[in-house]
Amino acid sequence: MQREYPEFTDAEQLDRLVKIYQALHAAPELSHFEEKTGAFMANNLRALHYAVSERFGRYENPEWTCHGVVAVLKNGDGPTVLYRADMDALPLKEQTGLPYASQVMMPNEDGEIVPVMHACGHDLHCTLLLGVAETMQTLRARWRGTLLLVVQPAEEGTDTGAAAILRAGLYEEFARPDHVIAFHGRADASAGTMAYVPGYAMADVTSIRITVRGVGGHGAAPHLCKDPIVLSAQIILALQTIVSRELNPLEPAVITVGAIHGGHARNVIPEEVLLEVTVRCYKQTVREEMIGAIERLCAQLGRAAGLAEERLPRVDVILSSPAVYNDPELVRRAAEMFGNVLGPERVTQATPVMGSEDFALYGLNHQIPSALFWIGAVAPERISAYEASGRVLPQLHASNYIIDARNTLRAGVPAATALLLELLGKT
Ligand SMILES: [Zn+2]
Ligand SMILES: [Zn+2]
């Protein structure tokens, strides 16, 4: 097939990018504390003659500095495309044995010193963005418009970087994009491949805390108490019927009670039990239906237990993040461009997953066509070795997840560049 865009022939650039990747990998920083990574990215983008704004973004927690970096390359009249990479790492002890493995320990949000590792590949995302930034600068005679690069902190966890950057007025301060794109490394696919999911690709996630109140007392006198542990058990089982008995079976959804906290002693009935719940689906209407059902079941089971109205279980939504919806037309154009660069046999459709990504926020609830693509990030030999031995490949967030940076960047930089050239104005 005719390759419309240049293959990655610049060996010197690739060597430099691999070194950058290894340096980033060896120096991970936790979400909300990406000070050095942010500064490193800003300096590199400034050296490429982008207009760079640092520490852009505003968290809900006023004590945190947002280390967001926004880099703009204005190149005449034309569309604006936002390309986002995330840069935070995870509290994990790296066990890859690589020469550039992280030895970093740093304080987490509670001041506890923990090991840190780039186990989700955000170091790769940053390096890919730098490679693309350089190539787009080199190729600026071939496009028109505005390239808006966002290096986003705090993708993992709560009070996320995407929300912080949008809250600070990304689209008002810079430009409202016509398209938004991002790439995420894939731990189960070969370097040199790309995968896409048209439509809903990652879940809408709501975190819920249920406070089950009761009347505490002596474990030997349950008749004088209202036992919140028994009521919690009933609630947990009742929640299992929401997906199986209330939702349309064609709508993917999951409700998981991941934590129960209540009681200290075997002979004391506690006053209160806390349940931590994650609710996942794709559509907002399904989310509302599930939350409504949780509220109804909690209240009615509380009444059945004989609780007064003011002591019924309390249901608090503590965090909600929308589904990643990949605009089908954008995905179609991207798949064609990736196929031109990598060969169509290396570009495949993947299935949606129930994980979540704050990338979803950039599309402003489907108003701006956006898409997150999966880029294969593992050495093919490593995949075959795992397959041959019957072991399961380390997944994202695993302490032994190893990225084949050279071959991933070799494919990723020209593929991402080809898509940007397609979405920006032609000369
Ligand atoms: Zn992750
Ligand atoms: Zn990630």
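**A zinc site and helix H9**

In this predicted model, the zinc ion (ligand 2) is held by three named protein donors, Cys120 (SG), His122 (NE2) and His184 (NE2), at 2.1 to 2.4 Å. Donors here are N, O and S atoms within 2.8 Å of the metal (3.2 Å for Na, K and Ca), and since water is not among the atoms, sites may look incomplete. Along the chain, the donors of this ion are spaced as C-x1-H-x61-H. Cys120 also serves a second metal: Cys120 bridges the zinc ion (ligand 2) and the zinc ion (ligand 1), and these two ions lie 3.2 Å apart.

Cys120 counts as buried because its relative accessibility is 6%, and His122 does so at 0%. Buried means under 20% relative accessible area, exposed over 50% and partly exposed in between (1.4 Å probe, protein chains only).

Turning to helix H9, which spans residues 380–389, Arg382, Ile383 and Tyr386 are buried. These residues lie on the same side of H9 because they cover an arc of only 100 degrees around the axis, the arc being that of the directions from the helix axis to the C-beta atoms. Glu381, Glu387 and Ala388 are exposed on the other side of H9. Helices (H or I, at least four residues) and strands (E, at least two) are DSSP runs, numbered from the N terminus. The cover over the buried residues of H9 includes strand E7 (179–190) and strand E18 (370–378), with contact meaning heavy atoms within 4.5 Å. Just after H9, Gly390 adopts a positive phi of about 75 degrees.

Residues are numbered from 1 along each chain as its sequence is written, and chains are lettered from A and ligands numbered from 1 in the order in which they are written. Local features need pLDDT of at least 70, side-chain atom pairs count only at pLDDT 80 or more, and totals for chains, interfaces and linings use all residues, while side-chain values use heavy atoms, with hydrogens and water left out.
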